[in-house]
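User: I'm new to this structure and would like to learn how to read it. Could you walk me through it step by step?

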Amino acid sequence: MSPLKNDRFLRALKREPVDCTPVWLMRQAGRYLPEYRATRAAAGSFLGMAKNPEIACEVTLQPLRRFDLDAAILFSDILTVPDAMGLGLYFVEGEGPKFERTIRSAAEAQKLGVPDMETELRYVMDAVRLIRRELDGQVPLIGFSGSPWTLACYMVEGGGSKDFARIKAMALNEPKALHHLLSVNTDAVIAYLAAQRAAGAQALQVFDTWGGVLSPAMYREFSLPYLTRIAQELQRGEGADRTPLILFGKGNAAHLQALAASGTEGVGVDWLIELGDARHRAGANVALQGNLDPATLYGSPESIRIQVRAALDSYAEGNGGSREGHVFNLGHGMSPDMNPDHVKVLVDAVHEFSTR
Ligand code: CP3
């Protein structure tokens, strides 16, 4: 395997000095790129792309050909895991993900098991291996998973939700059944991330997209303990060999201290908190990732540059004047109607304004 030519992202996660702040964007591969839309039209569907390692590799690399990004992220989806557990994932155009079967009772939760990573999820591991080979050391590859809670949201609701009524009712009425589901999900997430690491992923991110819909007490009961178990139990090597973990959560500002204490290397935050403030709350022992409002990309190039500078400065201000320990990103994923030219402005501004 070729040595890494750009290790800024991994160095920032270790809170080591960097020549400038590394940047990647959640959902950097996607429908906002015309070349993605062309590949998708040829492949027929999103799942058809994700389940084909050659196509997954191609779309992973597409944003790196246009932008000076410091990391690649595996093209896949968090819902591959419940799909492999037998729930039957499908996508309805314009409605997002759906499951043929849902988990709403203790009996249904009892039947779930951890899928086998090298058979049922082999297509994901094959994609990781292929992407590593094709990247040829250009930048590190990020593997990922959904959080136990966020996966459970889709498994119980049967798809996306506005109010999370079913899973919140389950938390109130059948907490034991939900805890069982979360526990199986945690075992699956740990196995899934370990398998991606073994296949070549050089950093790992957990998306707790829906942790922020929980009250603080409910978050401490149904999301935080499982994120902590992942940070504690996921074997990721020692010293220079260590594969860093990032716990990203929407709406996690109230929990940064607890997340920083989980044993993770990095915490990803959304745009509802300033980075300097996030640094104070998280303490000095984790790297922070984030956090521009994705809607910043709808602004003019000049306004994007102003927002990039403000986020970099807020981080440094909260970090004793240093830029160390910061991975630049959006506070959530990109949308299909964003302008690729604006992405270039953002990425270049991060490097320009943070160069030592
Ligand atoms: O960041 C990346 O570029 C890597 C790829 C990635 C995708 N999904 C590709 C994708 C990642 C990391 C995800 C994670 C994911 N998937 C999350 C957590 C992150 C987040 O954004 O909160 C969630 C909640 C999902 C579930 C999911 N999958 C949703 C809600 C959707 C959108 C449905 C829609 O029509 O907008 C998907 C589909 C999906 N996953 C797309 C992509 C590029 C759109 C695919 C398409 O229609 O071509």
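User: Which helix and which strand each supply at least two residues of the shell around the ligand?

Analyst: A good way to begin is to trace shell residues back to their elements. In this predicted model, helix 2 (34-43) and strand 3 (96-99) each give at least two residues to the shell around the ligand.

User: How many residues surround the ligand, and which are the closest?

Analyst: Here we simply list the neighbours. The ligand has 23 residues around it, and R27, Y36, R40, D77 and H332 are the closest. By kind, the shell splits into 14 nonpolar, 5 polar and 4 charged residues.

User: Which domains does the shell draw at least three residues from?

Analyst: For this, we match shell residues to domain bounds. Domain 1 (1-27 + 266-355) and domain 2 (29-63 + 74-235) each contribute at least three residues to the shell.

User: What lies 2.7 Å from an oxygen atom of the ligand?

Analyst: To find polar contacts, look for pairs of N or O atoms within 3.5 Å. A polar side-chain atom of R31 is 2.7 Å from a ligand oxygen, and an N or O atom in the side chain of T209 also lies 2.7 Å from an oxygen atom of the ligand. For the side chain of H332, the distance from an N or O atom to a ligand oxygen is 2.6 Å.

User: How much of the ligand does the protein bury, and where does the ligand sit?

Analyst: Compare the ligand alone with the ligand in place. Alone, the ligand exposes 870 Å², and the protein buries 89% of that. The ligand sits in the largest pocket.

User: Where is R27, and what is its phi?

Analyst: Backbone angles are worth a look too. R27, one of the closest residues to the ligand, is in the loop between helix 1 (8-13) and helix 2. Its phi is near 65°, a positive value in a residue other than glycine.

User: Which residues does a cis peptide bond join?

Analyst: Omega is the angle to check. The cis peptide bond joins G290 and N291, with omega about 0°; N291 belongs to strand 8 (residues 287-292).

User: What does the side chain of R229 reach?

Analyst: Let's follow that side chain from its helix. R229 is in helix 12 (residues 224-233). Its side chain reaches the backbone oxygen of S183 at 3.4 Å and makes a polar contact with the side chain of D187 at 3.1 Å.

Key
Residues numbered from 1 in each chain as written. Predicted model: local features only at pLDDT ≥ 70, side-chain atom pairs only at ≥ 80, totals over all residues. Heavy atoms only, no water. Near = heavy atom within 4 Å. Polar contact = N/O pair within 3.5 Å; in protein donor to acceptor, adjacent residues only side chain to side chain. Areas by Shrake-Rupley, 256 points an atom, 1.4 Å probe, with all protein chains shown as cover. 1 Å grid on protein atoms, 1.4 Å probe; cavity = no way out; pocket = protein on both sides within 12 Å on 5 of 7 lines; lining within 4 Å. Sits in = over half its atoms within 2 Å of the grid points. Helix = DSSP H or I, 4+ residues; strand = E, 2+ residues; numbered from the N terminus. Nonpolar A, V, L, I, M, F, W, Y, C, P; charged D, E, K, R; others polar. Domains from an automatic or database assignment.
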